[in-house]
Amino acid sequence: MTQQEPLAMPLEEAMRTQRAIRRVRSDPIDDALVLHLLELAMKAPTGSNAQNWEFIVVKDREIVAKLGRLNRRALQVGAGIYKRIAARRMGDQDDQMLKIEKAVRWQAEHFDTIPVVVVACLKGVIPVWPPVATTSAYGSIYPAVQNLLLAARAAGLGAALITLPLWNKLLARRALGLPWNVTPCAVIPLGWPMGKYGPTTRRPVGELVSLDRYGNRAFLRATAD
């Protein structure tokens, strides 16, 4: 494997243009690039600096296909729920929601052709009680996942954080050969994008930020100006 050059895209550009890219080509991705992205992912903080993550890079077509079947099954089971959520968000954003739904279905139908699928895992069994223990555990993996997504954007790769292939953790563990004490948390399909990146459209920051207490939109006027 060849040594990878440092990613040159400014951080702010990567953050402003990052988006979930689900339509990707089947062209291969160099192993050195994938490992470089994962190295950057693992620069993220973890609780007590435990660094208790595991990343499975899936390239074997049979295993990708197994994850694809799990993804499609979850989408089929949850189709009604997904449509109800989409319906509640309809209105001015109906075209956007339809685009997202089409992209999700396209990814499900073409999952088996995705060149690289990264599964982010945590060592240990994630507790379900108390709730703060659950959120604390996931706090040790999702910063690394975001690092991976930003690094993929900077490298020109398409990526998205999904969880549908993990709807049945028993079957997902079996497909990946995971031991009982390694928990899969997120799936990140990687590929060269068919479309283009951002910029992304977001609501004004002042509409979503409160000062001191919830609902005190003190920054709304400032951001409007």
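What radius of gyration would a compact globule with 225 residues have, and what does the protein have? The model discussed here is predicted, and in it the protein has a radius of gyration of 19 Å, which agrees with the value near 17 Å for a compact globule with 225 residues. Taken along the principal axes, the C-alpha atoms of the protein fill a box of roughly 55 × 45 × 40 Å.

The protein is built from nine helices and four strands, and these elements follow one another along the sequence in the pattern α-α-β-α-α-α-β-α-α-β-α-β-α.

The four strands come together in an open sheet, where their order is 1-2-4-3 and the pairing is antiparallel. Strand 1 (53-58) and strand 3 (158-159) each have a single partner strand and stand at the edges, so one side of each is left without a neighbour in the sheet. In general, the strands of a sheet pair through backbone hydrogen bonds, either parallel or antiparallel. Strand 3 is joined to strand 4 (residues 182-191) in the antiparallel sense over two bridges, and in this pairing Gly158 stands opposite Gly191 in strand 4.

The helices can be followed through three of their packings, beginning with helix 2 (residues 31-41) and helix 7 (residues 142-154), whose axes lie 8 Å apart and which pack at an angle of about 135°. An angle over 145 degrees would count as roughly antiparallel, and helix 2 and helix 7 are therefore oblique to each other. Helix 2 passes helix 7 in a right-handed crossing. On the side of helix 2 the contact is made by Leu37, Leu38, Leu40 and Ala41, and on the side of helix 7 by Ala144, Asn147, Leu148, Ala151 and Ala152. Sorted by class, this contact of helix 2 with helix 7 has eight nonpolar residues, one polar residue and no charged residues.

Helix 3 (residues 61-77) takes part in the other two packings described here, and one of these is with helix 5 (residues 94-109), at an angle of about 140° and with the axes 9 Å apart. Helix 3 and helix 5 are therefore oblique to each other, and helix 3 passes helix 5 in a left-handed crossing. Asn71, Arg72 and Leu75 of helix 3 make the contact with Val104, Arg105 and Ala108 of helix 5, a set that has three nonpolar, one polar and two charged residues.

With helix 8 (residues 169-176), the axis of helix 3 comes within 9 Å and crosses at roughly 170°, which makes helix 3 roughly antiparallel to helix 8. This contact is made by Ile63, Lys66, Leu67 and Leu70 of helix 3 together with Leu171, Ala172, Ala175 and Leu176 of helix 8, and its residues divide into seven nonpolar, no polar and one charged.

Two points of backbone geometry in the loops complete the picture. Most residues other than glycine have a negative phi, and most peptide bonds are trans. Ser48, which is found in the loop between helix 2 and strand 1, has a positive phi of about 55° although it is not a glycine. The peptide bond from Trp129 to Pro130 is cis, with omega near -5°, and Pro130 belongs to the loop between strand 2 (116-123) and helix 6 (131-138).

Methods. Residues numbered from 1 in each chain as written. Predicted model: local features only at pLDDT ≥ 70, side-chain atom pairs only at ≥ 80, totals over all residues. Heavy atoms only, no water. Pairing = 2+ DSSP bridges. Axes fitted to C-alpha atoms, helices over the stretch in contact; angles between N-to-C directions. Parallel < 35°, antiparallel > 145°, perpendicular 65-115°, else oblique. Left-handed = near helix turned anticlockwise from the far one by under 90°. Contact = heavy atoms within 4.5 Å. Nonpolar A, V, L, I, M, F, W, Y, C, P; charged D, E, K, R; others polar. Rg over C-alpha atoms; globule rule 2.2 N^0.38 Å.
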